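Q: Before any details are discussed, could you show me how the features of a protein model are read, one after another?

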Amino acid sequence: MGAFRFFSLVFFLWLTCGSAHAERRVALVIGNSAYKSVARLTNPANDAALVGGMLRRAGFDSVDVKVDLSAPEMRKALREFGIRTRDAEIAVIYYAGHGIELDGNNYLIPTDAVLEVDTDVYDEAFALDRVLASVEPAKQLRLVILDACRDNPFAKTMKRTVAARAIGRGLAKVEPTSPNTMIAFAAKAGSTASDGDSKNSPFAAALVERLPTPGLDLRKAFGFVRDDVLKTTSYRQEPYVYGSLGGEDVALIPAKPTVTGPQASPQDAVRRDYELALQIGTRDVWTAFLAQYPDGFYASLAQGQLKRLAAEDARVAAADKARQAEEEKSRLAAERARAAEQQKAAAAAKAAEGARLAAEKAKQAEDAKAAAAEQRRKDAEAAAAKAAADKQAAEKALADKLAADKAAAEAKAVADKTTDKQAVDKPADSPQAVAAFASPPSQPVLSPQEVTKLVQLELRRVGCLSAAAEGEWNAASQRSLTAFNKNAGTRFDAKLANLDVLDAIKARQGRVCPLVCEHGFKADVDQCVKITCRVGFRVNDDNECEKTPEKKPATAREDAKRRDEQRKQVESAPARPQATGQMVCNAAGCRPVRPGCRLAQGGAGTPSGDGRSHALMEVCN
């Protein structure tokens with residue numbers, strides 16, 4: 001009796017805990033009732049719910065019930081079910097709805113099918129081979145149940161593209177190519193099935209009644225289903241099964257295990273209990289075995305199994321602890337990396353803000369420089385306008401005076417002509433004749449100061465004089481005339497301003513003397529503009545922007561001593577021409593002052609608007 005009690009306990013634990021070797025059973029149930037292009041079917045949705053509930057009560061691991069599937073939804077359901085069957089022993093697909101046979105092939109019709117022409121079946125319906133492919137991965141049994149042999153309304157409206165194409169009544173006969181595959185039709189090939197007068201079809205009602213019988217072979221179960229449907233439909237509908245199974249019984253629901261009685265031999269009972277405990281292999285089973293059999297050979301083996309389980313538990317715990325430690329290490333490293341990234345981002349943001357402020361300051365400085373340059377330009381234009389006005393006034397005064405002198409001369413000439421005529425008529429020794437011959441002819445004459453002022457105005461116009469035209473021929477005016485002679489190729493006496501000089505300067509239309517700017521300025525048309533370099537650059541000796549050299553740290557005393565010696569050698573050596581960084585400009589453009597040459601005051605040049613332009617000339621040794 002002790003062995004029997006232990007066996008009962010072990011069997012109870014096996015039933016409650018489950019077995020790793022239990023077969024996996026999956027099912028897909030589809031019921032299409034709400035067709036869009038034809039009349040609605042009443043039973044398929046009810047049949048799908050009935051069959052799905054039966055399979056769930058039968059203990060199937062996965063039962064997926066789908067109702068009123070369109071083509072995309074049906075395709076997705078078959079694809080997902082095919083994935084689930086890969087690790088299953090038994091796979092079942094039940095379909096209730098419309099089906100059609102075309103050229104000997106069977107097709108299942110989704111609810112959104114239209115089937116205007118017969119070739120639409122290939123695109124809008126699902127071939128039975130596609131359904132069989134979804135149950136193909138199952139290892140023990142592949143079962144497809146089709147309650148789709150109803151009278152097809154699509155065949156009445158469908159247009160034929162080929163007159164000889166056959167559209168059969170019901171479904172066509174099939175022969176599965178895979179072993180352990182069964183295909184059950186609600187009606188034999190070439191005939192139609194009935195929906196009946198009740199909520200469910202006769203075929204679905206018979207399936208739910210016969211298939212859940214534990215241990216009943218499927219071939220016998222479908223035989224019972226056939227008999228029930230024939231009886232219900234008065235022998236008008238005969239279900240049919242295609243395919244074959246092996247010699248052993250294949251039940252959709254396995255038979256309930258039976259408990260055997262105790263063995264006659266006590267040692268055989270211990271051995272049998274040990275083998276059963278070994279199959280289950282849990283700590284509770286081995287503890288129960290030792291409680292029942294505390295001594296003996298099998299008790300030692302059971303203790304060894306417990307130690308093995310304890311070692312395995314310790315290994316798993318250590319592995320979990322190591323994994324948790326590694327995860328914590330990774331988490332801390334990620335947090336440190338995140339903090340470093342945040343600090344780096346904050347530093348970058350601070351640097352960007354500093355750069356923005358510096359750029360704004362630089363922009364403000366450049367705006368101020370541009371405003372100052374604009375003001376200098378306006379001042380220069382005002383000065384030029386004033387000089388032009390002075391010149392026009394002087395020329396107008398000169399023209400008026402010349403016109404007055406000319407009129408006076410013409411009047412005097414007329415008077416002299418009259419006097420001469422009178423003198424011819426009168427004796428030569430008369431007083432009037434003597435007076436007429438004695439008076440000299442009158443000519444228009446400009447004062448020296450007026451001529452000087454006109455020459456100075458013209459010298460300012462051609463860019464050779466920067467001083468104001470005051471009518472005094474001073475040293476600056478003489479230097480400006482010398483500059484004009486040099487650039488115009490004339491040889492006038494620089495100490496004297498006369499009408500010949502005035503006519504020669506007037507003959508020149510544009511600038512004659514070049515515009516010379518100081519270091520750090522460049523010529524811009526008729527004015528000198530300061531050269532502005534971007535941040536980090538400076539103006540070199542050639543009036544070009546170059547990068548500002550970084551300050552080098554102080555060197556050692558030996559380096560300072562060596563530099564002093566080199567400086568003394570350079571200072572004691574004779575000087576050689578070097579670039580001064582000054583620029584000279586003329587009508588052909590601007591260029592640096594040549595080595596060995598320098599700029600000297602020449603009285604020439606026009607104001608640049610900023611007060612930095614001077615009358616300078618290039619003087620070479």
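The dialogue below goes from the whole chain to a helix, a sheet and individual residues.

Q: How many helices and strands does the protein chain have?
A: This is a predicted model, and its protein chain has 16 helices and 18 strands.

Q: What share of the residues is buried?
A: A residue counts as buried when its relative accessible area is under 20%. In the protein chain, 36% of the 621 residues meet that description. The chain exposes about 36,600 Å², of which carbon and sulfur atoms supply 54%.

Q: What share of the contacts joins residues at least 24 apart?
A: One takes the contacts between residues at least 6 apart in sequence; of these, 65% join residues at least 24 apart.

Q: How is the length of helix α8 checked?
A: The expected span is 1.5 Å times one less than the number of residues. Helix α8 covers residues 218-232, so its 15 residues should span 21 Å. The end C-alpha atoms are 21 Å apart, which agrees with that expectation.

Q: Which residues of α8 are buried, and what covers them?
A: Leu 218, Ala 221, Phe 222, Val 225, Val 229 and Leu 230 are buried in α8. Their cover includes the strands β7 (141-147), β8 (181-185) and β9 (240-244), together with helix α7 (202-210). Just after α8, Ser 234 takes a positive phi of about 55°.

Q: How do strands combine into a sheet, and in what order do β4, β5 and β6 stand?
A: Strands of a sheet pair through backbone hydrogen bonds, in either a parallel or an antiparallel manner. Here, three strands form an open sheet in the order β4-β5-β6, with antiparallel pairing. Strands β4 and β6 (126-127) are at the edges, each pairing on one side only. Four bridges join β4 and β5 in the antiparallel sense, and Gly 99 stands opposite Leu 108 in β5.

Q: Where does Asp 103 lie, and what is its phi?
A: Asp 103 lies in the loop between β4 (99-102) and β5 (105-108). Its phi is positive, about 55°, although Asp 103 is not a glycine. With a relative accessible area of 37%, Asp 103 is partly exposed.

Q: Is Asn 543 buried or exposed?
A: The cut-off for buried is under 20% relative accessible area; Asn 543 has 11% relative accessibility and therefore counts as buried. Asn 543 is placed in the loop between β13 (537-539) and β14 (545-547). Asn 543 also has a positive phi, of about 60°, without being a glycine.

Conventions: Residues are numbered from 1 along each chain as its sequence is written. This is a predicted model: local features need pLDDT of at least 70, side-chain atom pairs count only at pLDDT 80 or more; totals for chains, interfaces and linings use all residues. Side-chain values use heavy atoms; hydrogens and water are left out. Helices (H or I, at least four residues) and strands (E, at least two) are DSSP runs, numbered from the N terminus. Buried means under 20% relative accessible area, exposed over 50%, partly exposed in between (1.4 Å probe, protein chains only). Contact means heavy atoms within 4.5 Å. Accessible areas come from the Shrake-Rupley method with a 1.4 Å probe; for residues, only the protein chains shown count as cover. Two strands pair if DSSP finds at least two bridges between them.
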